[in-house]
Amino acid sequence: MAAPTLAGTLPVPRRAWRRLGRVIGDRLPKGLYARSLIIIIAPMVLLQSVIAYTFMERHWQLVTRRLSAAVTADVAALIDIYESYPQDKGSETLERIASERLNLDVDILEGARLPVPGPRPFFSLLDEALSDEIRRQIARPFWIDTVGRSNLIEIRIEIPGGVMRVIARRSQAYASNSHIFLLWMGGSSLVLLGVAILFLRNQIRPILRLADVAESFGKGRELDFRPRGAREVRKAGHAFIEMKRRIERAMEQRTTMLNGVSHDLRTIITRFRLSLVLLPQTPEIEDLQRDVDEMSRMLEAYLAFAKGDSGEPASAIDLRALLEDVRTDVERLGGHVSEVTLEGQSTVTVRPDAFRRCLFNLAANAARYGDTIAITARQEARWLAVSIDDDGPGIPPEQREEVFKPFVRLDDARQDAGGSGLGLAIALDIARAHGGDVALYDSPLGGLRATVRVPA
């Protein structure tokens, strides 16, 4: 059996790295502001951690060990003096030398024994350094207390006939002011981080403003926008303004062209109607008049679909009044709207005529195939959802996407029968112009439910 090649083993770590990258990416913030903060904070925290570790390992620990070694040497000297000069009864001379020359408080406890060792502190650099130096320099049984009294440390060494107790200031054996360096380092980092956050927020704000303006333009809302921020952000803002002008110019040219075409075609249809009115009213003439009327309706539908309603500005409207108008229009066509329900606020910002036409097309399509219609509107966080239910035959799920295509008619479905085949396509186009969508579901009434969701 051949040995596996290097190329055959490479995909495994690559897949592992990709999987790890996806896991990390899923847990990272998605916003630009949060990610920019991470880019600033992560290196700073890493650098501060390395500096703190180096300081703790090299400076703080080294200074503490040297101070502990000096105190231990003083204690060892006191023990040597005590054992070398037994004529000093009561150890008065030893205690005076320790107090005046070494700043140590020494007591000889005759016949005493060492206390029971207590639990060691979880993290005490002084306890570890002082214990190591006593073992190395004195090499006698000892007991120390570095946490009992905050400003003092107590050392007890076993000597012949008793115990020598030495009390020293903590600052003599411990670099007690080293934490000031860490406080200065942490404080300066917080100040720098605060300044970075302020500057970063000012840099991110123009980008967010550009995103809001672009989103509002897609919904037909006009917002005042002036490029600000860094050079690249201003460049993107000016590019957006130029793109917006080109789109508006193209829409204006298209509208002007379609207005001219519609005027010419309406003129011809009007001449047809006048000619038919002047002719004797025979069955053949009546058939021609119906054909001309149908042609006029189809022409209006085609032009409306081609023009769209993107030129209409968005404004705040009373949704309840709009739904009642749609209800009146549908009942004028012979449909029956059983109820109109509104949940939430009644004021929304949409293109009034376009949104009304969107709802009317869906309601008219429901009235064409159902006997009962129900209209329900509700506010969902930042979205407005309007559902139109009917009790008609419905549309099979696999054909619901097809009915939104222009000029598509399904044999067994209910898409705009007898019309131009553009009713649902126009409704979908208007909803998407608002930044929303139209979806079809099964209705609780047994027919079809058409739901329009647009940003509120």
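**Exercise 1.** In this predicted model, work out the order of the five strands in the open sheet and find which strands stand at its edges.

*Solution.* Start with the order: it reads E6-E8-E9-E11-E10, and the pairing is mixed. Now look at the two ends. E6 (337-343) and E10 (437-442) each have a single partner strand, so one side of each is left without a neighbour in the sheet. On average, neighbouring strands are turned by 15° against each other, direction ignored. Next, zoom in on E6: six bridges join it to E8 (residues 373-380), and the two run parallel. For a landmark, find Glu 339, which stands opposite Ala 374 in E8.

**Exercise 2.** Find which strands helices H11 and H12 lie across.

*Solution.* Take H11 (residues 352-369) to begin with: it lies across E8, E9 (383-390), E10 and E11 (448-455), running at about 20° to E9. Then turn to H12 (residues 423-433), which lies across E10 and E11, at about 125° to E10.

**Exercise 3.** Track down the largest nonpolar core and see what Ile 375 touches.

*Solution.* This core has 41 residues, and Leu 319, Phe 355, Leu 362, Ile 375 and Val 452 have the most contacts inside it. H11 supplies the largest share, eight residues. Leaving out residues up to four places away in sequence, Ile 375 touches several residues, among them Leu 323, Val 337, Val 340, Val 386 and Ile 388. Finally, look for a second, separate core: this one has 28 residues, including Ala 98, Leu 130, Ile 134 and Ala 173.

Technical notes:
Residues are numbered from 1 along each chain as its sequence is written. This is a predicted model: local features need pLDDT of at least 70, side-chain atom pairs count only at pLDDT 80 or more; totals for chains, interfaces and linings use all residues. Side-chain values use heavy atoms; hydrogens and water are left out. Two strands pair if DSSP finds at least two bridges between them. Helices (H or I, at least four residues) and strands (E, at least two) are DSSP runs, numbered from the N terminus. Axes are lines fitted to C-alpha atoms, for helices over the stretch in contact, and angles run from 0 to 180 degrees between N-to-C directions. Contact means heavy atoms within 4.5 Å. A nonpolar core is a set of buried Ala, Val, Leu, Ile, Met, Phe, Trp, Tyr and Cys residues joined through side-chain atoms within 4.5 Å. Buried means under 20% relative accessible area, exposed over 50%, partly exposed in between (1.4 Å probe, protein chains only).
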